[in-house]
Amino acid sequence: MDARAAAYGAWIAALSVLSLVCVLGIVWAEMTSVQHPEHRLVGGALIGIVLLAYSFILLFLRKGGFTGV
Amino acid sequence: MYKRVLARLLRWTLRLDVVINRVYPEDFNPLYYTGGLSNLFLTVLILSGIFLLFYYIPSFNEAYTSVEFVTAQVPYGQIIRGIHRYSSDAFMIAILLHLFRNWFTERFRFSRDEPWISGMMLLLFAGFLGVTGYVLVWDQRAELLVAMTGNALASVPGIGGWLRTMLYGAPGTTNLLLPRMLYLHVGPAVVLYIFLWWHYVRIRHPKVWPPAVWTLFSLGLILIFCSLLPAVSQSQASPVATPTRLAVDWFFLLPYVVLTYLSPLWLILLGVVIVAYGLYIPYQLPETETAMGLRDSGVAEVVDANCTGCELCYYDCPYNAIVMVPSPHPGVTKAAQARKLLAIVLESRCVECGICIGACPFEALELPRLLETDIQERVLAACRS
């Protein structure tokens, strides 16, 4: 694996960890939303961050040469 | 002058493409998918709008409270309202980017005038939908919008009062207003899809959806916006006092800001001129066919004997000018004898570009006034000179 692919791989790993943390946050927001309805906004923002992370993961998979042409 | 400005804008647009293509792979360049992004946001708007419609009550007494109920009481109602709100802005941004890009790159020429005209209609309807959406909330901004729109329409000489009555259902603000606005918000949303069909009908390979990278990015950004900056109403509209200060959404309510500087009649005239000019753009450049590099090669013709029904021309024609029909009889050449389909050129759609000639490996298409022998003669003449 060349240095470029390794760099993108590291970013992908970091974003995957970030996504996992956000998913845990989404679960927490949903579980506490009955007492604290405002937590749903936090959950919404975390879903947004997960989607953004996924979009960059897709981009980096491509730029790192892991997928696509 | 106009041509010089357009040429400069074209250069800037292409430079921007080059810069973005350095960051993103070429098939991920978001500027290539502004139409697809518009479609994405429209879909999000329709879905979130259907959700909101279940709770909305179009009456003066209950419209505001029903919107507040969705926002405060329905689980995730605040977020879905925000999605509806911010998707509408994103929809307008994507449409405007699409418009300017196609304008600067002159993608309105020849048979692309129909996508251009239908795109202008989509933009107009989208703007109208945005304003009716703000009225439905029936807060102080909605009340002000109704008053300003009514005054602007009433200023039209002769038919102003009639126009206002047609829009609001009565000369004043009555209970007919919000049901009418609800219909005018939902009805034109359906009409948008008719215009979209017209927008695509002449395009063979429209990019109707953005790549997954940009779908995820756009949805993620909208969710973050509607969570960090939740969509909220102003105070409830009150019949006692009409508010004087307008909270502006720059993508939909810009004309109302202009009303600060122009009289309503002048604003309407300005709007009519802008729309008329927009519709005229495809026909503006008064160049001769020679200056535009047009050939007079005639509508493409299918050579019945050679056509194998392989559909290559059908897939390659960017103008949807070729259709495949069941072959009434076999072809003459060996390859064409077993054909099941036959290519037919739709004369009204053909722009005589010759792409189908290049697509056909069986010499089954030709431009009647630009035959292969003509091209060979020209090439030879060019080589000799």
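A nonpolar core, as the term is used in these legends, is a set of buried Ala, Val, Leu, Ile, Met, Phe, Trp, Tyr and Cys residues joined through C-beta atoms within 7 Å. All views show a predicted model.

**View 1. The largest nonpolar core and a second core apart from it**. The largest nonpolar core holds 69 residues, and those with the most contacts inside it are Phe41(B) and Phe91(B). Helix H2(A) gives the most to this core, contributing 13 residues. Apart from it lies another core, of 15 residues, which includes Cys313(B), Ile322(B), Cys356(B) and Ala364(B).

**View 2. The surroundings of Phe91(B)**. Leaving aside residues up to four places away in sequence, Phe91(B) touches Ser38(B), Phe41(B), Leu42(B), Leu45(B) and Ala126(B).

**View 3. Helix H1 of chain A and its buried residues**. Because 29 residues at 1.5 Å a residue should span 42 Å, the 42 Å between the end C-alpha atoms of H1(A), residues 3-31, agrees with expectation. Within H1(A), Tyr8(A), Leu15(A), Cys22(A) and Ala29(A) are buried, and what covers the buried residues of this helix includes helix H2 (39-63) of chain A.

**View 4. The contact between chains A and B**. Here 16 residues of chain A are in contact with 19 residues of chain B, and the residues on the chain A side divide into nine nonpolar, four polar and three charged.

**View 5. Asn320(B), with a positive phi**. Although Asn320(B) is not a glycine, its phi is positive, at about 55 degrees, and the residue lies in the loop between helix H12 (312-316) and strand E2 (322-326) of chain B. Asn320(B) is partly exposed, with 17 other C-beta atoms within 10 Å.

Definitions and conventions:
Residues are numbered from 1 along each chain as its sequence is written. Chains are lettered from A and ligands numbered from 1 in the order in which they are written. This is a predicted model: local features need pLDDT of at least 70, side-chain atom pairs count only at pLDDT 80 or more; totals for chains, interfaces and linings use all residues. Two residues are in contact if their C-beta atoms, placed from the backbone, lie within 7 Å. Ala, Val, Leu, Ile, Met, Phe, Trp, Tyr, Cys and Pro count as nonpolar, Asp, Glu, Lys and Arg as charged, and the others, Gly among them, as polar. Helices (H or I, at least four residues) and strands (E, at least two) are DSSP runs, numbered from the N terminus. The expected span of a helix is 1.5 Å times one less than its number of residues. A residue is buried if 20 or more other C-beta atoms lie within 10 Å of its own, exposed if 12 or fewer, and partly exposed in between; C-beta atoms are placed from the backbone.
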